[in-house]
Amino acid sequence: MARKKASDREIARLIADHQANLVLLAATWGAEVLDAIKSTDNELAGALPGLLENAGEYVLSAQTLARYQELQRQILLLRLKGYELALEYMTAQCEALAANEAKWAATLAKSMNGPSEALHQLEGKSIKAMVDYAFVNDGKTIQETFQLESEDDAQRIADSCRAGVAQGKSTDQIIKEIRGTKEGNYQDGILQISRTKAEAIARTICTGMADEAKMQLYIQNPDVCLGTKQVATLSSNTCLVCAVYDGIVWRLPDQLNEVVKLPVHPNCRCVHVPVTELSELNSSTRPAEAANFWKEAEIAYNKKYPKKNWNDLSRSSRLKYYYQAQKDYEKRTGKPAFEQVPQNMNFQDWLKTKDEQYISQYLGKTRFKLYREGKLPLNKFVNPETNRAFTIKELKERDIASFKIAGL
């Protein structure tokens with residue numbers, strides 16, 4: 001009797017809903033980690049006057065160097081409390097997430113291949129090893145990530161202290177530069193760098209751990225999960241690297257080393273889905289952006305704040321305008337912000353269906369001319385060795401002929 005899989009539309013919805021929930025979870029983790037890091041801000045501010053006094057004047061001597069190295073050590077000890085809290089929180093959350101993601105991946109694989117298939121679930125020991133040793137943040141484990149970030153944090157603060165003393169600034173001035181000002185809601189100091197990085201790290205680890213758990217489930221079930229496919233979002237808010245890898249299929253385990261590690265970048269929305277005997281989704285559809293909401297958001301912001309720069313906004317702030325642009329579009333046109341396109345249409349094929357203005361806004365003027373007149377396909381804009389987009393300078397060094405053809 002033939003296996004009956006879930007409908008293609010149900011599977012597509014299952015993937016989309018899950019990724020949306022993962023984005024929300026990553027945001028929650030970011031907020032919790034931020035609170036943990038901020039928990040030592042007041043203690044640091046209270047300790048800095050004494051630490052600066054003990055460090056003394058900045059003069060060229062071995063004794064001065066030793067005192068400032070001790071200052072940095074003391075700062076690290078103070079800040080470690082917050083980072084240890086963050087690590088403890090993230091470790092517990094990652095264990096729960098890994099178990100949940102493995103179950104979700106199994107559900108998805110069964111939906112694609114028929115419910116009769118039994119899959120091997122990940123054991124607690126495997127999950128613990130994954131959380132402790134998986135490279136989920138740019139080639140580093142969770143513990144290594146927070147250890148290195150705490151050291152960088154202490155280094156930034158100590159460097160600010162050294163520079164302040166060398167420039168003859170008062171203790172109050174140094175502390176204000178580190179902590180920020182009340183008028184700036186304490187978001188204009190050196191500590192804000194650490195807060196921003198901590199949030200990004202939490203989001204990255206969330207996506208990285210989710211991907212690792214899914215991949216481990218696929219690997220341990222080769223009879224059902226024949227491979228994995230990368231799925232990106234069809235929108236102007238998708239980076240070039242994610243766009244290029246959208247729809248790529250890797251056979252497992254033969255091509256395991258070729259699979260792109262997720263997340264590709266902070267706030268990456270890509271997902272690896274299983275490839276099974278019955279997982280072809282050709283009859284289904286997937287959502288695709290109906291208009292360039294990223295550009296519309298920028299235009300709306302510039303109109304509202306003509307003296308401000310869109311690129312100076314944090315990503316979270318820009319996303320608020322991005323989502324507002326979608327709502328404005330739906331109200332203006334009466335149509336949904338995301339239309340449906342064939343499931344097997346990848347980003348590169350979808351982009352070809354858009355008008356020149358959309359493509360130009362997405363790629364930028366120079367890349368657009370190379371794409372249209374220089375006949376450079378999208379994948380030529382990305383370095384496959386680093387999974388990073390080439391700069392314009394790097395592109396010209398690699399393919400001067402295309403620049404000449406495009407009249408650049």
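## Close-up views of the predicted model

**View 1. The lining of the largest cavity comprises six nonpolar residues, two charged residues and no polar residue.** The model is predicted: local features require pLDDT of at least 70 and side-chain atom pairs pLDDT 80 or more, whereas totals for chains, interfaces and linings use all residues. Numbering starts from 1 along each chain as its sequence is written, and side-chain values use heavy atoms, with hydrogens and water left out. Nonpolar denotes Ala, Val, Leu, Ile, Met, Phe, Trp, Tyr, Cys and Pro, charged denotes Asp, Glu, Lys and Arg, and polar denotes the others, including Gly. The structure holds two cavities of 30 Å³ or more. A cavity is a set of points, on a 1 Å grid over the protein atoms alone, where a 1.4 Å probe fits but cannot get out; lining residues have an atom within 4 Å of a point. Points are joined across faces, edges and corners, and volume is the space filled by probe spheres set on them. The largest cavity contains about 40 Å³ of space. Its lining consists of Asp41, Leu44, Ala45, Leu48, Ile175, Ile178, Arg179 and Leu191. Two or more of these residues come from each of α2 (41–55) and α6, and α2 gives the most, with four residues. Helices (H or I, at least four residues) and strands (E, at least two) are DSSP runs, numbered from the N terminus.

**View 2. The second largest cavity encloses about 30 Å³.** Lining this cavity are Gln19, Leu22, Thr207, Asp211, Lys214, Leu262, Cys270, Val271 and His272. Helices α1 (8–38) and α7, together with strand β3, each give two or more residues to the lining of the second largest cavity. The largest share, three residues, is drawn from α7. By class, the lining of this second largest cavity has four nonpolar, three polar and two charged residues.

**View 3. The second largest pocket holds about 590 Å³ of space.** Its lining contains 29 residues, of which Ser236, Asn237, Thr238, Cys239 and Leu240 are the closest to the pocket centre. A pocket is an open set of points with protein on both sides within 12 Å along at least five of seven lines. Helices α8 (240–245), α9 (293–304), α10 (315–333) and α12 (356–363), along with strand β7, each supply at least two lining residues of the second largest pocket. The pocket lining divides into 13 nonpolar, nine polar and seven charged residues.

**View 4. Aromatic pairs, of which the structure holds 12, are shown in the region of α9, α10 and α11.** Trp294 and Tyr322 make an edge-to-face pair, at 5.3 Å centre to centre and with 65° between the planes. Because Trp294 belongs to helix α9 and Tyr322 to helix α10, the pair ties together parts that are 28 residues apart in sequence. Both Trp294 and Tyr322 are buried. Phe347 and Trp350 form an edge-to-face pair as well, with a centre-to-centre distance of 5.2 Å and an angle of 70° between the planes. Rings of Phe, Tyr and Trp (its six-membered ring) pair if their centres lie within 6.5 Å; planes over 60 degrees apart are edge-to-face, under 30 stacked, and the rest tilted. Helix α11 (residues 347–352) carries both Phe347 and Trp350, three residues apart, or about one turn of the helix. Phe347 is buried at a relative accessible area of 1%, and Trp350 is likewise buried at 1%. Buried means under 20% relative accessible area, exposed over 50%, and partly exposed in between (1.4 Å probe, protein chains only). One aromatic cluster consists of Trp294, Tyr301, Tyr305, Trp310, Tyr321, Tyr322 and Tyr323.

**View 5. Arg179 and Tyr186 illustrate a charge over a ring, with Arg179 at 5.2 Å from the ring centre.** Lys354 similarly lies over the face of Tyr358, at 5.0 Å from the ring centre. The criterion requires NZ of Lys or CZ of Arg within 6 Å of the ring centre and within 35 degrees of the ring normal.

**View 6. Leu252 and Pro253 are joined by a cis peptide bond, with omega near 0°.** Pro253 is located in the loop between β2 (249–251) and β3 (271–275). The peptide bond between Leu262 and Pro263 is also cis, with omega about 0°, and Pro263 lies in the loop between β2 and β3. Leu262 also contributes to the lining of the second largest cavity.

**View 7. Asn185 has a positive phi, near 55°, in a residue other than glycine.** Asn185 lies in the loop between α6 (171–179) and α7 (191–219) and is exposed, at 53% relative accessibility. Asn387 has a positive phi near 55°. The loop between β6 (382–383) and β7 (388–389) holds Asn387, which is buried at a relative accessible area of 18%.
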